[in-house]
Amino acid sequence: AKAEGRNCYRIFDAAMDEAVTRRRELERDLKTALADGGLELFYQPQVRANSCELVGFEALARWRHPTRGLIPPSEFIPLAEETGLISVLGKWVLRTACSEAARWSRPLKVAVNLSPREFQQSDLPDLILGILSETGLSPARLEIEITETAIFADRGRALSILRRLKALGINIAMDDFGTGYASLATLQAFPFDKIKIDRSFVGQVEICPQAAVIVRTVLGLGRSLGLSVVAEGVETAGQMRFLIAEECQELQGYLFGKPQPIASFTEATGGREGS
Ligand code: C2E
Ligand code: CA
Ligand code: CA
Ligand code: CA
């Protein structure tokens, strides 16, 4: 049994080594990707619920790895956060989303995700202001999506950053609402424009009465606080009907389109400038 145990450790060590090596490789490759244009933005449509009219897109990062294929953000965003690459990545996302949106033929909104670490940078408002003036995008067309975790770390600083972003005319959305803590107090104290109901609730509204109650409650909360509500992860016509009946303002999900390169939406965004 002892020998077996040792053997077991050896296998475990080997697996650990492999994980560490893979991580180092990924970190190195992510640095290269950031320098060499290996990252892309995909866009997912957001529609007005009662008319299905397109109102904007959420920008979602993708990494096209030379040998591993398309790597999802769930793998490289945490890596970027742990290694400090997130600030370079975040700047790239903001700059790319704003400069692409500035070239769309219609003044649709573009929503950009900010991870908790990015959001803690106190020079964030200046950074965004610089990108807006560089790209010519109107601040009213930019929406920043943050989660409750971003605020939780340092509420004072978060509030001052949010106020400065608000003062620039940028929209602020609370992402993944319902999955974190301190939701109600935070919504009241912070200058949000919008709540995004997490798709874990939206996906259950037809089959789980509790999920339906939660979604209804969030919609009521939005109404009483004067915030617009977006439902994420709408996949079925039944979910859409429920959300329209409950007066949800905006919808986003595979039912209306998966995240795709902006070129797939030329009908919505028109040709490039001057064409
Ligand atoms: P999120 O901000 O909650 O983004 C929504 C996620 O739900 C996206 O996954 C999207 O593809 C997926 N989704 C949308 N509609 C549906 C649907 O109908 N059904 C299902 N099953 N899924 C749907 P994605 O693109 O893999 O992104 C995952 C997360 O990674 C995002 O969650 C966000 O937290 C983070 N992320 C993505 N891009 C960026 C970025 O540029 N910067 C930062 N900081 N985080 C990002
Ligand atoms: Ca989001
Ligand atoms: Ca979300
Ligand atoms: Ca999420």
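What follows is a short exchange about the ligand sites in this predicted model.

Visitor: What makes D175, D176 and E232 donors of the calcium ion (ligand 3)?

Guide: Distance. Their OD and OE atoms lie 2.2 to 2.4 Å from the ion. The cut-off for Ca is 3.2 Å, so these oxygens count as donors. E232 is listed twice, each time through OE. In sequence the spacing reads D-D-x55-E.

Visitor: Why does the pair D175 and E232 tie together separate parts of the sequence?

Guide: D175 sits in strand β6, residues 171-177. E232 is in the loop between β8 (228-231) and α11 (237-245). The two parts are 57 residues apart in sequence, so the pair links them. D175 also coordinates the calcium ion (ligand 2), which is 3.9 Å from ligand 3.

Visitor: Are D175 and E232 buried or exposed?

Guide: Both are buried. That term requires under 20% relative accessible area.

Visitor: What makes the approach of Q44 to ligand 1 a polar contact?

Guide: A polar side-chain atom of Q44 lies 3.0 Å from a nitrogen atom of ligand 1. The limit is 3.5 Å between N or O atoms, so the pair qualifies. E58 has a polar side-chain atom 3.2 Å from a ligand 1 oxygen. For E118, a side-chain N or O atom is 3.2 Å from a nitrogen of ligand 1.

Visitor: How much of ligand 1 does the protein cover?

Guide: The protein covers 82% of the 800 Å² that ligand 1 has accessible on its own. The space ligand 1 takes is the largest pocket.

Visitor: Which element gives the most to the shell around ligand 1?

Guide: β2, with four residues. β2 (54-65), α2 (73-83) and β6 each supply at least two.

Notes
Residues numbered from 1 in each chain as written. Chains lettered and ligands numbered in written order. Predicted model: local features only at pLDDT ≥ 70, side-chain atom pairs only at ≥ 80, totals over all residues. Heavy atoms only, no water. Donors = N, O, S within 2.8 Å, 3.2 Å for Na, K, Ca; no water. Buried < 20%, exposed > 50% of the residue type's maximum accessible area, 1.4 Å probe, protein only. Polar contact = N/O pair within 3.5 Å; in protein donor to acceptor, adjacent residues only side chain to side chain. Areas by Shrake-Rupley, 256 points an atom, 1.4 Å probe, with all protein chains shown as cover. 1 Å grid on protein atoms, 1.4 Å probe; cavity = no way out; pocket = protein on both sides within 12 Å on 5 of 7 lines; lining within 4 Å. Sits in = over half its atoms within 2 Å of the grid points.
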